[in-house]
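Subject: Structure handover

Hello,

Here is the structure I promised you. Please open it alongside this email; my notes follow below.

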Amino acid sequence: MCRWEETDDTGVHSKKKRGFLTKKEAQQWYIRYCAEKEKPQEPQKKEYTFDDVYSSYLTYMSSRVKETTYKNVLTVFGQKILPYFSGKKMSEITPLMLLEWQSRESEGAYSSRVLERARLKAMFNYAERYYDIPSAMNKVEPLRNTEGEEEMHIWTAEQFGRFYQVIDNDLDRIAFMLLYTLGCRRGELQALMWKDVDLDKGEIHISRTYSEYCKTKMTSPKTPGSNRYVVIPRSVADMLREYKSKTVYSEPDHFVVGGLEPMKIQAFIRKLNKYAGAAGLPRIRVHDLRHSCASYLLSQGLDVITVSKRLGHADVTTTLNTYAHLMPSSEERTNALVDGMLKYI
């Protein structure tokens, strides 16, 4: 038998343990017992819920992303993620559960599901980095696209010419001509002021974007590469000069398309549909005018780096991934060059 005294918060207590065959066995047990008692106790980790981490993640994101991105995070989580994971402990969320969630969302468009998965994975990465919670998302295979590539809707130069001929006022002519020739985003055109337009140099400085659905309506462009100078043809510069001489909204801080306030999104859509119908053209989105500009430039053999800079893409990879299928084949030119290599043989 081993007998000893222990002190705790309630005082000194006598303890004993029986069952040893020898005195030496009892002594060895007691030594191990004391060593175990003296080990520092590791603090028990807090059991975080999905909602705990999500709330912290929102605070983290609110100071690091644009308001439009933050609103998208709220929308995606509110509609597609929280209904499934809210109330669950992070330790309970398994790779199999995440795989089932991906399968459950299979009725949505592939591009939407990819975005939803990316939003959730970003939160799990945040939890792993700052809460030391292993990310179960790392074990879930990415989504597979079974829908095929989404068809890009564009107008040819001839179709845009027909569209332009039916426009019945100067403001709309300027708006759609700039969208088509600059290849800019709609928000970038909405934010464009006369102080950004240098008609003598024939260039336009795109340094802001506009979003009427956000509290902060005017912000920096989408990416650092989106802050750019775009050269415009002399004909477009002359068109802008003539329009500026006629409009009463020609001060440096007046908006080129709109005046005191930028033209609204719904106005762009309504006018585009109206003129497309009058010209007998298939309907496209306002953003498709940007695609139309890029596809025309690439089809004419302009190098992808120049086109990428004009569009304000973050890098050339984005341009290639989006428009590679529109670039003219270089097979014949390659064969001609190889033939030239062999002429001395």
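One cut-off first: a residue counts as buried under 20% relative accessible area, as exposed over 50%, and as partly exposed in between. Ala324 has a relative accessible area of 40%, so this residue is partly exposed. Please keep in mind that the model is predicted.

**Ala324 and helix H11**

Ala324 sits in the loop between H13 and helix H14 (331–341). Its C-alpha atom is 9.4 Å from that of Ser295, although the two residues are 29 apart along the chain. Ser295 is one of the buried residues of H11.

How far apart are the end C-alpha atoms of H11? The helix covers residues 288–299, which makes twelve residues. At 1.5 Å a residue it should span 16 Å, and the end C-alpha atoms are indeed 16 Å apart, so expectation and model agree.

H11 is mostly covered, with ten of its twelve residues buried. Those residues are Asp288, Leu289, Arg290, His291, Ser292, Cys293, Ala294, Ser295, Leu297 and Leu298. The cover comes from several elements. Among them are helix H6 (157–165), helix H7 (170–182) and strand S7 (228–231). Helix H10 (265–279), helix H12 (304–311) and helix H13 (316–323) also take part.

Take His291, which belongs to helix H11. Its relative accessibility is 10%, so His291 counts as buried. Which residues does His291 contact, leaving aside its neighbours within four places in sequence? They are Met152, Ile154, Arg285, Thr322 and Tyr323.

After H11 comes Gly301, with a positive phi near 90°.

**A positive phi outside glycine**

Most residues other than glycine have a negative phi. Asp132 is not a glycine, yet its phi is positive, about 55°. Asp132 lies in the loop between H5 and H6. With 54% relative accessibility, Asp132 counts as exposed.

**Aromatic rings**

The count comes to 25 aromatic pairs. One of them is Tyr60 with Tyr126: the centres are 4.9 Å apart, the planes meet at 45°, and the pair is classed as tilted. Why does this pair tie together separate parts of the chain? Tyr60 lies in helix H2 (residues 50–62) and Tyr126 in helix H5 (residues 110–131), so the linked parts are 66 residues apart in sequence.

The two partners fall into separate accessibility classes. Tyr60 has a relative accessible area of 22% and is therefore partly exposed. Tyr126, at 9% relative accessibility, counts as buried.

Both rings belong to a cluster linked by ring pairs. Its members are Tyr48, Tyr54, Tyr57, Tyr60, Phe77, Tyr126, Tyr130 and Tyr131.

There is also a charge over a ring. The charged end of Lys88 sits over the ring of Tyr84, at 5.6 Å from the ring centre.

**Cavities**

How many cavities of 30 Å³ or more are there? The count comes to two. The second largest has a volume of about 30 Å³. Its lining consists of Lys66, Glu67, Thr68, Ser211, Cys214, Thr216 and Thr219.

**Where to look**

Start with H11, where ten of the twelve residues are buried. Then go to the Tyr60 and Tyr126 pair, with its 4.9 Å between centres. Finish with the lining of the second largest cavity, which includes Lys66 and Cys214.

Best regards

Key. Residues numbered from 1 in each chain as written. Predicted model: local features only at pLDDT ≥ 70, side-chain atom pairs only at ≥ 80, totals over all residues. Heavy atoms only, no water. Helix = DSSP H or I, 4+ residues; strand = E, 2+ residues; numbered from the N terminus. Expected span 1.5 Å × (residues − 1). Buried < 20%, exposed > 50% of the residue type's maximum accessible area, 1.4 Å probe, protein only. Contact = heavy atoms within 4.5 Å. Phe/Tyr/Trp six-rings, centres within 6.5 Å; stacked < 30°, edge-to-face > 60°. Lys NZ or Arg CZ within 6 Å of the ring centre and 35° of its normal. 1 Å grid on protein atoms, 1.4 Å probe; cavity = no way out; pocket = protein on both sides within 12 Å on 5 of 7 lines; lining within 4 Å. Points joined across faces, edges and corners; volume = space filled by probe spheres on them.
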